[in-house]
Amino acid sequence: MEKKIQDGKEGHRKRLQERYLTKGYKSLADYEIVEFLLFLLIPRKDTKSIAKELIGKFNSLKGIFEADEKELKNIKGLGDVSITYLKFLGDMYRYYYEENILKERENNPISIKTKNQLINYLRIDIGISKIEEFKVLFLNSNNEVLGIETLFQGTIDKSAVYPRKILERVLYYNARSIVFSHNHPSGNTTPSSKDIEITKMMKDFFKMVDVSILDHIIISKDSYFSFLEEGYI
């Protein structure tokens, strides 16, 4: 009886694999994609119920990849290896976007004008972070991205953000302009008075050294606020 059940599982997995190989991932429901991922890790267990529970709890693949490790541990049937694998896939998702933003300039330079791509990258990079992070994009005179760095972490205010540190990195990249971004873990992207004060201070400081601030973007996993779009810059 047990052998018959196991044979049924193997048959189901084989059919799922064949469907993916012949028709692609779009032929699979979201839970089937998760199931497919899990049966590569859990060879002798029915992963359909685990996959459905994951989709039910986190709503999407993106939600699963962004889930906190503690939340994933509450899903019955997921072990440390499976959780590590899912977290790794989420990081690879971020890596993919960063690679697209930072393509080598001589091959296919990326312009800051591709705003949607920038917002998507920031959302999956720091928009889901549980702590505040202050990120700077360094650009040349053609608005091509030279580098992206997280320079400050923790509560973002005037005492924590040092213009001199940013200037050091500007000189390192020989950047002509910069974009600031930081996240609000609360999800509310409305700028605080400190956010506005920091932006004004930075604008005045970098104007003196002939470096333009193109934008300051406050990001969360669901929304963003652009100082440029709202007329603050």
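**A helix crossing and two asparagines with positive phi**

In this predicted model, helix α2 passes helix α3 in a right-handed crossing. On the α2 side the contact is formed by Asp30, Tyr31, Val34, Glu35 and Leu38, while α3 brings Lys48, Ile50, Ala51, Lys52, Leu54 and Ile55 to it. Sorted by class, the residues in this contact of α2 with α3 comprise seven nonpolar and four charged ones, with no polar residue among them.

The geometry of the pair can be stated in terms of the two axes: α2, which covers residues 30-39, and α3, which covers residues 48-58, pack at an angle of about 130°, and their axes lie 8 Å apart. Angles over 145 degrees would count as roughly antiparallel and those from 65 to 115 as roughly perpendicular, so the angle of about 130° makes α2 oblique to α3.

Away from this helix pair, the backbone offers two further points for inspection. Asn143, which is not a glycine, nevertheless has a positive phi, of about 60°, and this residue is found in the loop between β1 (133-139) and β2 (145-153). Asn174, again not a glycine, has a positive phi of about 55°, and its place is in the loop that runs between α8 (163-173) and β3 (177-183). For Asn174 the surroundings can also be described through its accessibility: the residue counts as exposed because its relative accessibility is 59%, where exposed means over 50%.

Terms used
Residues numbered from 1 in each chain as written. Predicted model: local features only at pLDDT ≥ 70, side-chain atom pairs only at ≥ 80, totals over all residues. Heavy atoms only, no water. Helix = DSSP H or I, 4+ residues; strand = E, 2+ residues; numbered from the N terminus. Buried < 20%, exposed > 50% of the residue type's maximum accessible area, 1.4 Å probe, protein only. Axes fitted to C-alpha atoms, helices over the stretch in contact; angles between N-to-C directions. Parallel < 35°, antiparallel > 145°, perpendicular 65-115°, else oblique. Left-handed = near helix turned anticlockwise from the far one by under 90°. Contact = heavy atoms within 4.5 Å. Nonpolar A, V, L, I, M, F, W, Y, C, P; charged D, E, K, R; others polar.
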